[in-house]
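Let's take a walk through this one together, starting on the inside and working from there. Have the model open and turn it as you read.

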Amino acid sequence: MKILANKILIFITTLTFLLLAQMIMYFKIYGQVFNNYFLLEFSTVCLFLTPIFLFKKNKYSRIYCGTIFSLSMLVITLNMLLYYDHGDIFSFKYILYLSEISKSYNMHNVNVLYIILMILILASYFFIISKINKKVTEEGSYYKLGISNFIAVVFISLLIRIPINYQIINEHKSEKIYENMNVSEVISYLAFYGKKSSLEQYGLYNHSLAEISNVIDRKVNVDSQITTIDDYFADENNR
């Protein structure tokens, strides 16, 4: 069906541009074009993009992919700018201290060329996506075919991860600190204590997911501790 061909083109275009932007980031920060476990990152990006096969209308596929791509480009640009400024990379925990950071950050250290380059990539992506959409108007009955393709991409992506997950666990099994950890826990640990190494090894998406998980866990733990302390003092005052 033409609509399926359209969605596959949107999928491939988004995947290609995401990997291209990541290649630029990795080259500027690490002097290499991909993260160490490239197939792990590739499969994660594919899993993020697969929901487009569940949308009947291509309008929603474009909105979804466009949102994913725009947010990814924002994080990639922030990584490059922070590394250029003082050798750092973006962390989602910085969002908790956004007001303090905005006051202290020196805008004169911003590399304008990085911003222009990322804007050009972003504009090129949306231009191509809009052209793909104009080629196809037929929709028809799609759901069974869409679900089949969704399942196929998810299955292949998960299959790719099996040997990589085994490799990661096998490489860390001799280190006591990683004992009894699964792959997600290994990445989360490294994202917390060595974010640059985590990004270099596991890729933008895997690192970012681990970072977001760490930020949420930390906030929940802090809120829980505050509640416990408040309850303690409330009990003391009532005695």
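Start with L49: leaving out residues up to four places away in sequence, it touches F11, T14, L15, L18, Y64, C65 and I68. Keep in mind that you're looking at a predicted model. L49 belongs to the largest nonpolar core, a set of 45 residues, and together with F11 and M25 it touches the most other members. Which elements give two or more residues to this core? They are α1 (2–30), α2 (38–49), α3, α5 (112–135) and α9 (204–238). The biggest giver is α1, with 14 residues. There's also a second core, separate from that one, made of 12 residues, with I168, V183, L190 and A191 among them.

Now slide over to E41, which sits in helix α2. Is E41 buried or exposed? Its relative accessible area is just 1%, so it counts as buried. Setting aside neighbours within four places in sequence, E41 is in contact with Q22, N35, Y202, G203, L204, Y205 and N206. One of these gets a closer look: the E41 side chain reaches the backbone nitrogen of Y205 at 2.9 Å. This spot also shows how the fold brings together residues that are far apart in the chain. E41 and Q201 are separated by 160 residues in sequence, yet their C-alpha atoms are 9.4 Å apart in space.

Next up is a charged pair. How many salt bridges does the structure hold? There's one, and it pairs K195 with D88, whose closest N and O atoms are 3.0 Å apart. The partners come from distant parts of the chain, 107 residues apart: K195 is in helix α8 (residues 195–202), while D88 is in the loop between α3 (58–86) and α4 (98–104). Both ends of the bridge are tucked away. K195 has a relative accessibility of 15%, so it counts as buried, the cut-off being under 20%. D88 comes in at 14%, so D88 counts as buried too.

Finally, let's look at an opening. The second largest pocket has a volume of about 300 Å³. Its lining is made of 15 residues, and the ones nearest the centre are L71, S72, V75, F92 and S208. Where does the lining come from? Helix α3 provides the largest share, six residues, and α3 and α9 each supply at least two. You've met both of these helices before: α3 and α9 are also among the elements that give two or more residues to the largest nonpolar core.

Definitions and conventions
Residues are numbered from 1 along each chain as its sequence is written. This is a predicted model: local features need pLDDT of at least 70, side-chain atom pairs count only at pLDDT 80 or more; totals for chains, interfaces and linings use all residues. Side-chain values use heavy atoms; hydrogens and water are left out. A salt bridge is a side-chain nitrogen of Lys or Arg within 4 Å of a carboxyl oxygen of Asp or Glu. Helices (H or I, at least four residues) and strands (E, at least two) are DSSP runs, numbered from the N terminus. Buried means under 20% relative accessible area, exposed over 50%, partly exposed in between (1.4 Å probe, protein chains only). A nonpolar core is a set of buried Ala, Val, Leu, Ile, Met, Phe, Trp, Tyr and Cys residues joined through side-chain atoms within 4.5 Å. Contact means heavy atoms within 4.5 Å. A polar contact is a pair of N or O atoms within 3.5 Å; within protein, one must be able to donate a hydrogen and the other to accept it, and residues adjacent in sequence count only if both atoms are side-chain atoms. On a 1 Å grid over the protein atoms alone, a cavity is a set of points where a 1.4 Å probe fits but cannot get out, and a pocket is an open set with protein on both sides within 12 Å along at least five of seven lines; lining residues have an atom within 4 Å of a point. Grid points are joined across faces, edges and corners, and a volume is the space filled by probe spheres set on the points.
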